[in-house]
Amino acid sequence: MIEEEKDAAEQLPLEGAGQKLRRAREDKSLSVEQVAAETRIPSRHLEAIEQGDFSALPSRAYAIGFSRTYANLLGLDQEAIISEVRAELAVAQEEGETYHSSFEPGDPAKVPSTGLVWFAAIAVVLLLAGIISFYGSYFSAGEGPASLLVQEEVSSEAELARAGNGTDAAADDAAATAQPDGGQVVFTALEDGVWARFYDGSGARLLEKQMANGERFIVPADADNPQIWTGRPDAFAITIGGQEVPKLAEDDFVMRDVSVTAAALLARGQNAEETSPST
């Protein structure tokens, strides 16, 4: 793939992908602001694409994904545009240009890398080690297998009940009253295609996907120091025990290793209130 991109880079047309997108937009008498409203891509990123300044975008994946969405809106050949974008990215890489962030949530056209597979395998091993340690502590304290099975069955039934009634706020509130640190933490995506990874303190993955608009993720109450990694912290609504709390951020940037326990989120909200200017 790299060799193909280099070959394509050597034959780049005089008019780049960004210029073609800009010309197509102008032919349709659309402004950058109108395109931003239709695609939900920030205007500054659209302008960077039109100027061929892909290093101004958060990552290679954003450059490819945003260009594909832009081309689709204008009715252009998406694959042809993406091919040119990749060729321009290859040239930029050779010239030493870097992105504002090294974060890359993933190109849908690619399969998982070997590194990702190894990471997943290690995470599974760590999770199994944690389970063994958890059960071992119960046995050493005098808890029998029957007691553990009963506890696990009750917990599983509660999770199934919440999953089957995802929009039942009363059930969420009832579950929250039995939890410490403020109650049940729920993340709700405010847009389509919002990528996020939730994981615990050992690195074990709790959820990793591109969430649809309105899709919810309930942070497991028994997760050890749950954290989030996302490039769109502004695209999640957060509730604790059914009560809305401030977003993680009001702008899109890479956020990683941020605790999403109820206590941590409440502390972030309190700090934001204390530092905000008085009206």
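This passage walks through a sheet, two helices and several salt bridges of a predicted model.

A good place to start is the open sheet, in which four strands follow the order S4-S1-S6-S7 and pair in antiparallel fashion. Its edges are formed by strand S4 (216–218) and strand S7 (243–245); each has a single partner strand, so one side of each is left without a neighbour in the sheet. From one strand to the next, the twist averages 30°. Strand S6 (residues 236–240) and S7 run antiparallel and are joined by three bridges, and isoleucine 240 is found opposite glutamine 243 in S7. Beyond S7, the loop leading to strand S8 (255–259) holds aspartate 251. This aspartate 251 has a relative accessible area of 39% and is therefore partly exposed. Although 16 residues separate aspartate 251 from alanine 235 in sequence, their C-alpha atoms are 8.6 Å apart in space.

Turning to the helices, H3 (residues 32–39) has Val32, Val35, Ala36 and Thr39 buried. These residues lie on the same side of H3, because the arc they cover around the axis is only 100°. In an α-helix there are 3.6 residues a turn, so residues three or four places apart point the same way. The face of H3 turned away from the buried side bears the exposed residues Glu33, Ala37 and Glu38. Elsewhere, Val124, Leu127, Leu128 and Ile131 make a nonpolar surface patch of about 340 Å². One of these, leucine 127, belongs to helix H7 (residues 114–140) and is partly exposed at 44% relative accessibility.

Charged side chains complete the picture, with a count of twelve salt bridges. One of them joins glutamate 84 to lysine 20, with 2.5 Å between the closest N and O atoms. This pair links distant parts of the chain, as glutamate 84 sits in helix H6 (residues 78–94) and lysine 20 in helix H2 (residues 17–27), 64 residues apart. Glutamate 84 is buried at 14% relative accessibility, whereas lysine 20 is partly exposed at 24%.

Another salt bridge brings together the side chains of arginine 197 and glutamate 208 (3.0 Å, N to O). Here arginine 197 in strand S2 (residues 194–199) is linked to glutamate 208 in strand S3 (residues 205–211), eleven residues apart. Arginine 197 is buried at 10% relative accessibility, while glutamate 208 is partly exposed at 25%.

Finally, Arg40, Glu191, Arg232 and Asp234 are linked in a network of salt bridges. Within this network, aspartate 234 and arginine 232 meet through their side chains (3.0 Å, N to O). Aspartate 234 is buried, at 14% relative accessible area, and arginine 232 is also buried, at 17% relative accessibility.

Note on methods
Residues numbered from 1 in each chain as written. Predicted model: local features only at pLDDT ≥ 70, side-chain atom pairs only at ≥ 80, totals over all residues. Heavy atoms only, no water. Pairing = 2+ DSSP bridges. Helix = DSSP H or I, 4+ residues; strand = E, 2+ residues; numbered from the N terminus. Axes fitted to C-alpha atoms, helices over the stretch in contact; angles between N-to-C directions. Patch = residues over 30% accessible without salt bridge, like charges linked within 9 Å, V, L, I, M, F, W, Y side chains within 5 Å. Areas by Shrake-Rupley, 256 points an atom, 1.4 Å probe, with all protein chains shown as cover. Salt bridge = Lys/Arg side-chain N within 4 Å of Asp/Glu carboxyl O. Buried < 20%, exposed > 50% of the residue type's maximum accessible area, 1.4 Å probe, protein only. Arc of directions from axis to C-beta.
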